[in-house]
Amino acid sequence: MPKILLVSPMRSLADRALAVAADLGIGLQVEMARDDGSALTALSLHPKTEVVVTRGGLVDCIRQIDTVSVVPISTSISQLLTLLQDLSARGIRKVGVVSRESLVDCDVGDFSIAKMEISIRSCTDEDSVKTTVAGLAGRGIEAIIGCRMSCAAAQTHEMMAVCLESDDFSIRVALLEAARIQDARDQEKLHGAQLKIIIDNIEEGVVALSDAGRAILLNEPARRLGFGMADEALISLLRGSSGEQTAMVNSRHILARCIPLDLDGRKYGEVITFLEATKIQDSEVKVRVSARQKGFYAKNRFEDIVGRSEVMRTLIEKAKRYAGYDANILIQGATGTGKEIFAQSIHNHSRYRNGPFVSVNTASIPPSLLESELFGYVDGAFTGARKGGKQGLFEMAHNGTIFLDEIGELTQDIQSRLLRVIQEKEIMRIGDNKIIPIDVRIICATNRNLFEDTQTGRFRQDLYYRIHVLGMHLPPLSSRTGDIPLLLNHYLRQLSPTGADTIRLTDEAWAMLERYDWPGNIRQIRNVAEVISYSGLSRIEVAHVAEILDEQGRAGDQNGLLTLEEGATLKEIEARVISAMMSRYSPEEACVRLGISRVTLWRKLNRMGAAPGKGPASH
């Protein structure tokens, strides 16, 4: 840190100042100077000096340097009174006090104190000192108290001269003030350096404008972009605008904002901040990549849902309407009907689309861990808790959507805790006493009949009506058979190494697929498409389909029972039974179980339009 510089006209002053500075712990450098020229020379020897302490006429000389703060050493009133008392004891009754204005800190004028006439005068330069002393001599003043120049002038008029010496108190006051100014300057430089580092290392470009609209400061990003001080046309475009607007700087798009700089009701200019469009895009990509790395994103949209049946078109329109509200949604449907795809699509169509999508399969997390996973915990909340605590999934879903799948499997304890979270829109970590507000859209899903569960007491009725503000029921695949070809071809395009166009299913194979009950719904049809794509066959016969379905599981419900519609004809029932057997067993085994020959089976299949292409002897 640069030391304080004392420019002293007297060695005695320098010695006393060094002693006082050492006592105060202030670093002090000293240079001697008796006139303006030598003072400026002394100052040039210390180019980094920012604060100078001096006295008398040297004060005005050094004040001409703009980069330096000057602290004058004044004479205290007590010291002046002591000198007057000494002169009075000598019989002196008329005294003049003549000095530079910085040396004596008191009023100028004529005064009477204890039978003494005192004339105090302040001078600006050496000539005025001589003129003032001469004038006082003409008035009969007997003694002069003052600086070196006034004492010299008094002697020419044969007057008593008493030189004003700076005492330790005056020197101490001056040095403390100089140290305060130096500290303030150091803090100002530090804050300036910090501010420069900050504005030069933010992504945004910053341009400060004067009240006249002239660029007076640019940060490093603005300079890198080529935004110059003289870009008057661009400044004129951006200046005074409200809100954000786009502009071009050196063939690059920017998004800019102009902020007025007001202080105490007065406008001092404006600050323009801007960011390149590519930077904004890069930042958005980083946010999305971060969310993807954590798995907190929704990849599906309504256009990804495969289905042209009337029931699906109606459901999609309903889901789009629901996406426009913040109310909780309960999606019900059998396993594999696409509940999470609908939840993701609703999220991506809602106001929460830019927030996280946190999917939780509540049935896959042990009940003992589910509470801490959902709501988080603080450090030391329980044995084995992670050091520093952990955010819960509800916290992670803030400003987004949380999807609670298999909601019907929650225990009563978790149901009670979840009810409070939904009601209050706030959570409390396990072991904590602080409330954390959250803004989360809640979508739940289940394959159970939750209403029946509320009647038996298995599921809380109050929670049911909290999560079931809006409701959707996804139909099983067997009730929208017209979508089966669309779904199968969709997955074949995804999974087949050669593409769906290279694989052809016979009409009989398609007929068997459409008659199948699909207990696994869309998930099962994807599995079938995967097996077909890996078969290496370009033509898929009914026998291949029957074998695949047999591998995938039994037709009908999970108990192996076949559901027959009331009012079906005997012929329709026979066709349904044969189709079910063919989907579960090979032709030979189906014949054994049905108690018919292969010729009879072939004839019946042929009548149904599902006979194998090579006749009854085929295998």
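The legends below describe close-up views of a predicted model.

**View 1. The mixed sheet built from β6, β7, β5, β8 and β9**. Five strands make up this open sheet, in which the order is β6-β7-β5-β8-β9 and the pairing is mixed. The edge positions are taken by β6 (109–113) and β9 (160–163), each of which pairs on one side only. From one strand to the next, the twist averages 20°. At the β6 end, five bridges join β6 to β7 (residues 116–123), and these two strands run antiparallel. Within this pairing, Ser 112 has Glu 117 of β7 standing opposite.

**View 2. Helices α4 and α6 on the mixed sheet**. Helix α4, formed by residues 77–89, lies across β5 (94–100), β7, β8 (143–146) and β9, and runs at about 160° to β8. Helix α6, formed by residues 148–156, packs on the sheet as well, where it touches β5, β8 and β9. The direction of α6 makes about 170° with that of β9.

**View 3. The antiparallel sheet built from β11, β10, β14, β13 and β12**. This open sheet is formed by five strands in the order β11-β10-β14-β13-β12, and the pairing is antiparallel. Because β11 (215–218) and β12 (244–249) stand at the edges with a single partner strand each, one side of each is left without a neighbour in the sheet. The twist of this sheet averages 30° from one strand to the next.

**View 4. Strand β13 between its partners β12 and β14**. On one side, β13 (residues 252–263) pairs with β14 (residues 266–276) in the antiparallel sense over 10 bridges, and on the other, six bridges join β13 to β12, again running antiparallel. Arg 257 can be followed across the three strands, since its bridge partner in β14 is Thr 273, while Arg 257 is itself the partner in β13 of Glu 244. Elsewhere along the pairing with β14, Leu 255 stands opposite Leu 275. In a regular strand, the side chains alternate between the two faces of the sheet.

**View 5. The hairpin turns at Asn 250 and Asp 264**. The hairpin of β12 and β13 has two residues between the strands, and Asn 250 there takes a positive phi near 50°. The hairpin that β13 forms with β14 also has two residues between its strands, and in this turn Asp 264 has a positive phi of about 55°.

**View 6. The salt bridge between Glu 373 and Lys 390**. A search of the whole structure finds 28 salt bridges, and the one shown here joins the side chains of Glu 373 and Lys 390 at 3.0 Å, N to O. Glu 373 belongs to helix α13 (residues 367–375) and Lys 390 to the loop between α13 and α14 (393–396), so the pair ties together parts that are 17 residues apart in sequence. Side chains of opposite charge can pair in this way when their charged atoms come close.

**View 7. The lining of the second largest cavity**. The structure holds two cavities of 30 Å³ or more, and the second largest has a volume of about 30 Å³. Its lining consists of Phe 394, Val 421, Ile 422, Lys 425, Ile 438, Val 440 and Ile 442. The elements giving two or more residues to this lining are α15 (412–424) and β20 (440–446). By residue class, the lining of the second largest cavity divides into six nonpolar, no polar and one charged.

Terms used:
Residues are numbered from 1 along each chain as its sequence is written. This is a predicted model: local features need pLDDT of at least 70, side-chain atom pairs count only at pLDDT 80 or more; totals for chains, interfaces and linings use all residues. Side-chain values use heavy atoms; hydrogens and water are left out. On a 1 Å grid over the protein atoms alone, a cavity is a set of points where a 1.4 Å probe fits but cannot get out, and a pocket is an open set with protein on both sides within 12 Å along at least five of seven lines; lining residues have an atom within 4 Å of a point. Grid points are joined across faces, edges and corners, and a volume is the space filled by probe spheres set on the points. Helices (H or I, at least four residues) and strands (E, at least two) are DSSP runs, numbered from the N terminus. Ala, Val, Leu, Ile, Met, Phe, Trp, Tyr, Cys and Pro count as nonpolar, Asp, Glu, Lys and Arg as charged, and the others, Gly among them, as polar. Two strands pair if DSSP finds at least two bridges between them. Axes are lines fitted to C-alpha atoms, for helices over the stretch in contact, and angles run from 0 to 180 degrees between N-to-C directions. Contact means heavy atoms within 4.5 Å. A salt bridge is a side-chain nitrogen of Lys or Arg within 4 Å of a carboxyl oxygen of Asp or Glu.
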